[in-house]
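Colleague: Please take a close look at a single part of this model for me. I should then like to see how that part fits into the rest of the chain.

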Amino acid sequence: MLKPKKLSLEQEFNIRVFETKVKQMNLEQAQGFLVELYQHMIAQEQIYKELLGQK
């Protein structure tokens, strides 16, 4: 996975919050959450492509 060389304190904090949230989930919840997250990532990618005019 690609990582930026330096994350801001806010980004580091958000990663820790996300990690804590995921660790509190059971397996079924975590799997559903990952699928939903992936759907959002695909939608975000599509929006970026449309904004940049790269369909």
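Modeller: I shall begin with Arg16, which counts as partly exposed at 46% relative accessibility; by this scale a residue is buried under 20% relative accessible area, exposed over 50%, and partly exposed in between, with a 1.4 Å probe and protein chains only. The model is predicted, so local features are reported only at pLDDT of at least 70 and side-chain atom pairs only at pLDDT 80 or more, whereas totals for chains, interfaces and linings use all residues. Residues are numbered from 1 along each chain as its sequence is written, and side-chain values use heavy atoms, with hydrogens and water left out.

Arg16 has its place in helix 1, which covers residues 9-23; helices here are DSSP runs of H or I with at least four residues, strands are runs of E with at least two, and both are numbered from the N terminus. The side chain of Arg16 meets that of Glu19 in a salt bridge, at 3.8 Å from N to O. The term requires a side-chain nitrogen of Lys or Arg within 4 Å of a carboxyl oxygen of Asp or Glu. Because Arg16 and Glu19 are 3 residues apart in helix 1, about one helical turn separates them. Glu19 is partly exposed, with a relative accessible area of 33%.

Glu19 also meets Lys23 in a salt bridge, at 3.2 Å from N to O. These two residues are 4 residues apart in helix 1, and so again about one helical turn lies between them. Lys23 is exposed, at 64% relative accessible area. The spacing follows a general rule: an α-helix has 3.6 residues a turn, so residues three or four places apart point the same way. Taken together, Glu12, Arg16, Glu19 and Lys23 are linked in a network of salt bridges.

The structure as a whole holds 4 salt bridges. One of them lies in helix 2, where the side chains of Lys49 and Glu45 meet at 3.6 Å, N to O. Lys49 and Glu45 are 4 residues apart, and therefore about one helical turn separates them. Both count as partly exposed, Lys49 at 34% relative accessibility and Glu45 at 39%.

Helix 2 spans residues 27-52. Its 26 residues should span 38 Å at 1.5 Å a residue, and its end C-alpha atoms are 37 Å apart, which agrees; the expected span is 1.5 Å times one less than the number of residues. At the start of helix 2, a side-chain oxygen of Asn26 comes within 3.1 Å of the backbone nitrogen of Glu28. After helix 2 comes Gly53, with a positive phi near 70°.

Helix 2 also supplies the largest share of a nonpolar patch, 5 residues. The patch is formed on the surface by Phe18, Leu34, Leu37, Tyr38, Met41 and Ile42, with about 560 Å² of accessible area together. Members of patches must have over 30% relative accessible area and no salt bridge; nonpolar side chains (Val, Leu, Ile, Met, Phe, Trp, Tyr) are joined within 5 Å, like charges within 9 Å. Leu37, which lies in helix 2, is partly exposed at 31% relative accessibility.

As for the wider setting, the protein chain contains 2 helices and 0 strands. Arg16 is 19 residues from Val35 in sequence and 20 Å from it in space, C-alpha to C-alpha. The C-alpha trace spans about 40 × 30 × 20 Å along its principal axes. The radius of gyration of the chain is 15 Å, where a compact globule of 55 residues would have one near 10 Å; the radius is taken over C-alpha atoms, and the globule rule is 2.2 Å times the number of residues to the power 0.38. Of the 55 residues, 5% count as buried. The chain exposes about 5,700 Å², of which carbon and sulfur atoms supply 60%; areas come from the Shrake-Rupley method with a 1.4 Å probe, and for residues only the protein chains shown count as cover.

Definitions and conventions. Polar contact = N/O pair within 3.5 Å; in protein donor to acceptor, adjacent residues only side chain to side chain.
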